[in-house]
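Please open the model in your viewer and keep the sequence panel beside it, since this tour moves from one selection to the next.

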Amino acid sequence: MAQTKRTIKKYPNRRLYDTEISSYITLEEVRQLVLDNEDFEVRDAKSGEDLTRSVLLQIISEHEDKGQPMLSPQLLSQIIRFYGNSLQGFMGPYLEQSLQVFLDQQTQFRSQLNSLMGQTPWNTLTDLTERNLAAFQAMQRGLMDTAAQVIPTPGASGRSGKKSG
């Protein structure tokens, strides 16, 4: 039997109802679903609109307000600048791929660290960091090459993009 996506309904009073367990759940419990790799979606109880992204963003926002934030104001500002930019469509996949490379490297590092027991982890960390940096630089080069193809050079279309005042 194929497993279906778990549905959570969001009501106007902001309460979340998990249809699988027939119970109201908290935002923290939705976060736990993410941590458990549960496949779910959040839908507006009335309209059926998909609210999954907004609920996930709410979870991120709440965790950014607690403890040490992961996303600096500079990083958030840079992300905001990509909205409306011709490269907006490339940013999401680029961030996903960057994070996947980081996670893969982290898994590899843990595996190597467990197998080294008698050796210093700093050599492994240095090697891993160098490989991670090389992979990141390669991805950046790819993004910049793509950007160079997408963004027209000034004067190519007869307009400089600046308003005349």
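Is threonine 146 buried, partly exposed or exposed? Select threonine 146 and show its surroundings: with a relative accessible area of 24%, this residue is partly exposed, where buried means under 20% relative accessible area, exposed means over 50%, and partly exposed lies in between (1.4 Å probe, protein chains only). Threonine 146 lies in helix 5, which covers residues 121–150. If you add leucine 87 to the selection, you will find it 59 residues apart from threonine 146 in sequence and 8.9 Å apart in space, C-alpha to C-alpha.

Before going further, please note that this is a predicted model, in which local features need pLDDT of at least 70 and side-chain atom pairs count only at pLDDT 80 or more, while totals for chains, interfaces and linings use all residues. Residues are numbered from 1 along each chain as its sequence is written, and side-chain values use heavy atoms, with hydrogens and water left out.

**The whole chain**

Now colour the protein by secondary structure, and five helices and four strands should appear; these are DSSP runs numbered from the N terminus, with helices being H or I of at least four residues and strands E of at least two. Starting at the N terminus, the order of the elements is β-β-β-α-β-α-α-α-α. Of the 165 residues, 18% count as buried.

**The sheet**

Select the strands next: the four of them form an open sheet in the order 3-2-1-4, with mixed pairing, and two strands are said to pair if DSSP finds at least two bridges between them. Strand 3 (23–25) and strand 4 (40–44) stand at the edges with a single partner strand each, so one side of each has no neighbour in the sheet. From one strand to the next, the twist averages 35°. Strands of a sheet pair through backbone hydrogen bonds, either parallel or antiparallel.

Zoom in on strand 1 (residues 6–10), which pairs with strand 2 (residues 16–18) in the antiparallel sense over three bridges, while five bridges join strand 1 to strand 4 in a parallel arrangement. Isoleucine 8 is a useful residue to select here, because a bridge links it to aspartate 18 in strand 2, and on the other pairing it stands opposite valine 42 in strand 4. Lysine 10 stands opposite leucine 16 in strand 2. Strand 1 is mostly covered, with four of its five residues buried.

**Two turns to inspect**

Follow the chain from strand 1 to strand 2, which form a hairpin with five residues between them. In that loop lies arginine 14, whose phi is positive, about 75°, although arginine 14 is not a glycine. Arginine 14 counts as exposed, at 59% relative accessibility. Then move to asparagine 37, in the loop between helix 1 and strand 4, where phi is also positive, near 60°, and the relative accessibility of 69% makes asparagine 37 exposed. Most residues other than glycine have a negative phi.

**Helices over the sheet**

Show helix 1 (residues 27–35), which lies across strands 1, 2, 3 and 4 and runs at about 85° to strand 3, and then helix 2 (residues 52–65), which lies across strand 1 and strand 4 and runs at about 105° to strand 4. Helix 1 and helix 2 pack at an angle of about 105°, with their axes 10 Å apart; axes are lines fitted to C-alpha atoms, for helices over the stretch in contact, and angles run from 0 to 180 degrees between N-to-C directions. The two helices are therefore roughly perpendicular to each other, a label used for angles of 65 to 115 degrees. Among the residues that make this contact are Leu27 and Val30 of helix 1 and Val55 and Ile59 of helix 2, contact meaning heavy atoms within 4.5 Å.

**The core**Finally, select Ile8, Leu16, Ile25, Leu27, Val30, Leu33, Phe40, Val42, Leu51, Val55 and Ile59, the eleven residues of the largest nonpolar core; such a core is a set of buried Ala, Val, Leu, Ile, Met, Phe, Trp, Tyr and Cys residues joined through side-chain atoms within 4.5 Å. Helix 1 gives the largest share, three residues.

Key:
Parallel < 35°, antiparallel > 145°, perpendicular 65-115°, else oblique.
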